[in-house]
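Here's a quick briefing on the fold you're about to look at. Have a scroll through the sequence and the model, then read on.

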Amino acid sequence: SSSGGAARAAHERFSPLASGEAGGAMPEEGGKDKDVEMKDAKEGEGKDKDKEKDADKAKKKEEPPKDPRTLLIEGLGQNLKTINAAVGAGDSRVMSRVARSLNGLRKTITPDVLRALLEETVSSPGKASYLAHAPVADAPMTDEEKAKATEVKFPTLPKPHPPEMEAFSVLLLIIVLTDKKEKDKALECTSTLVQWLKAFNRRTLDIFSAKAYFYWSLAHERLGRLADLRPELLAAYRTACLRHDSMGQATLLNLLLRNYLAYNLYEQAMKFVKQTEFPESRPNAQYARYLLYIGQIKAVQLEYSDSHSKLMQAIRKAPQAPTVALGFKLAATKLAVIVELLTGGIPDRATFMQKELKEQLRPYYALTQAVRTGNLNALKEETQRHEALFKKDKTLTLINRLRYNVIKTGLRDINLSYSRISLKDVRAKLGLESAQDPAGVVAKAVVDGVIDATIDNDEQFLKSTQKFDLYSSCEPQKAFHKRIAFCLQMHNDAVKSMVYPDENKNNDGEDAEERREREKRDMADINDDDDGDDMLL
């Protein structure tokens, strides 16, 4: 019995079935255990990361908000570091971001911080002049405020500081003086800065140089001395072309056009435009201004269709935020309304219903109503009532040309309503002053193709002829071609304006939410690009 039990045990130990079951089952169970352990480890790592992110967000929420003075000093310090790094790398594109920050700093800068910034970064001979013109606090700080105030301390950077830092600081001073309406001080500081910048030929200084010329021109304009600046602007434009400075070319070209238009030198402005070319790598805001000036010139030279096209492009390219560049959008819209009336069209009612422009466009809406109804008397009344405003807007000359358009509208209505009408009744309906006016006005309208009618001089009446079908002519084809050309031009502009993210840029550790927040901040900076532009406000 003992030998039989031993045999059975040996058989079970070496049996293929038993060994297969044991050998097949054990590895499988072990594999499952390993997979479970690996999954648990991955899940644990993911949970740990989520916990770390939640903890970081909780810490951010728990941190007390910093006071505006501390944020201002940190922002200025960050700009100085960015300038230093960009100069070392020779990257001029980064300077555009620094220049955009000036518009936000102008609202929060305080006199003591501005003075400390000038002391730290300015080393040119004009330092004493800048500090003498720097604004002083309205009331001295109390002891409690001094104790609470953050010490003005900027990051330690290698000296001597690059000239870009000085240009940044002095530009901030000039912007503050401009906002405070201190015209003479702003002019003196900008003159000193521009003369100092002429000694440099650095691409990283181009953006600051362009802004310096902008505020130099603005200071001259506010003092009524724009004509004195024209030779300097022409010389600076030649230099910018030779250096391939696209930002300087765009800014100076617009400043020269504005200079010519301020003195009604439309012929000289048009000759200058024909001999120059706006740079291809253009800033959007500068191109919008350029289109506005070209539209203004062409309107005076009776090229209404081209003028209206340029003005509508300028309005579309302006910042679309409702509170940004209001002065520019208002000036462009006023001019576009008058030019559209001169082309024989009627502006859309939505143009006058824009919330931020509604009140300022009310006089132009009244003019549009007079032209639409063909009421010559209403046009005269509105022109006389708002004559001072139209002179200020420089649209009075164009408005005076609307008389014939009002007459044409009235004649179209008469032509549609009457198959035969006496010239005496035409005179009464149009509100013409002289008895000889009706025959001449009606004859000119017939020759120009405004109305399809004949004049009987013997019996002194106007006889309308039957209207033909417009769709049997080439007019629909011309209109369709015009719309296609506009859409193709818009497509080409959109393709040229496309910007793609840099694939080599290292954004490790930035999740989707942080990236969206950063993109929102960048877009806000871009939208605020023209917020500090005082030329058209």
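**A loop threonine to start with**

Thr 204 lies in the loop between α9 (183-197) and α10 (206-222); helices here are DSSP runs of H or I with at least four residues, strands are E runs of at least two, and numbering goes from the N terminus. This is a predicted model, where local features need pLDDT of at least 70 and side-chain atom pairs count only at pLDDT 80 or more, while totals for chains, interfaces and linings use all residues. Residues are numbered from 1 along each chain as its sequence is written, and side-chain values use heavy atoms, with hydrogens and water left out.

**More on Thr 204**

- Thr 204 has a relative accessible area of 8%, so it counts as buried (buried is under 20% relative accessible area, exposed is over 50%, and partly exposed is in between, with a 1.4 Å probe and protein chains only).
- Leaving aside residues up to four places away in sequence, Thr 204 touches Ala 86, Gly 90, Asp 91, Ser 92, Met 95 and Glu 164; contact means heavy atoms within 4.5 Å.
- One of those partners, Glu 164, is 40 residues from Thr 204 in sequence, yet the two C-alpha atoms are 7.2 Å apart in space.

**The whole protein**

- The protein has 26 helices and three strands.
- Of its 537 residues, 38% are buried.
- Take the contacts between residues at least 6 apart in sequence: 69% of them join residues at least 24 apart.
- The accessible surface comes to about 32000 Å², and carbon and sulfur atoms account for 52% of that (Shrake-Rupley method, 1.4 Å probe; for residues, only the protein chains shown count as cover).

**Helix α4 against α8**

- Helix α4 (residues 93-108) and helix α8 (residues 163-179) have axes that come within 10 Å and cross at roughly 30 degrees; axes are lines fitted to C-alpha atoms, for helices over the stretch in contact, and angles run from 0 to 180 degrees between N-to-C directions.
- That angle is why α4 is roughly parallel to α8 (under 35 degrees is roughly parallel, over 145 roughly antiparallel, 65 to 115 roughly perpendicular, and the rest oblique).
- The α4 and α8 crossing is right-handed, meaning that the near helix is turned clockwise from the far one by less than a right angle; anticlockwise would be left-handed.
- On the α4 side you'll find Met 95, Val 98, Ser 101, Leu 102, Leu 105 and Arg 106, which meet Glu 164, Phe 168, Leu 171, Leu 172, Ile 175 and Asp 179 of α8.
- Sorted by class, the α4 and α8 contact has eight nonpolar, one polar and three charged residues (Ala, Val, Leu, Ile, Met, Phe, Trp, Tyr, Cys and Pro are nonpolar, Asp, Glu, Lys and Arg are charged, and the others, Gly among them, are polar).
- Gly 104 also sits in α4, and with 40% relative accessibility Gly 104 counts as partly exposed.
- The C-alpha atoms of Gly 104 and Leu 72 are separated by 9.9 Å, with their positions 32 residues apart along the chain.

**Helix α11 against α12**

- The axes of helix α11 (residues 226-242) and helix α12 (residues 246-262) come within 9 Å and cross at roughly 155 degrees.
- This makes α11 roughly antiparallel to α12, and the crossing is left-handed.
- Among the residues in the contact are Leu 233, Leu 234 and Tyr 237 of α11, and Leu 252, Leu 256 and Tyr 260 of α12.
- The contact of α11 with α12 splits into 14 nonpolar, three polar and one charged residue.

**Helix α18 against α22**

- Helix α18 (residues 362-373) packs on helix α22 (residues 402-417) at about 40 degrees, with the axes 7 Å apart.
- The pair is therefore oblique.
- Ala 370, Val 371, Arg 372 and Thr 373 of α18 make the contact with Leu 402, Val 406, Thr 409 and Asp 413 of α22.
- That contact has four nonpolar, two polar and two charged residues.

**Two loop residues with positive phi**

- Most residues other than glycine have a negative phi.
- Asn 264 has a positive phi, near 60 degrees; Asn 264 is in the loop between α12 and α13 (266-275) and is partly exposed at 48% relative accessibility.
- Leu 302 has a positive phi too, near 70 degrees; Leu 302 is in the loop between α14 (284-300) and α15 (304-317) and is exposed at 53% relative accessibility.
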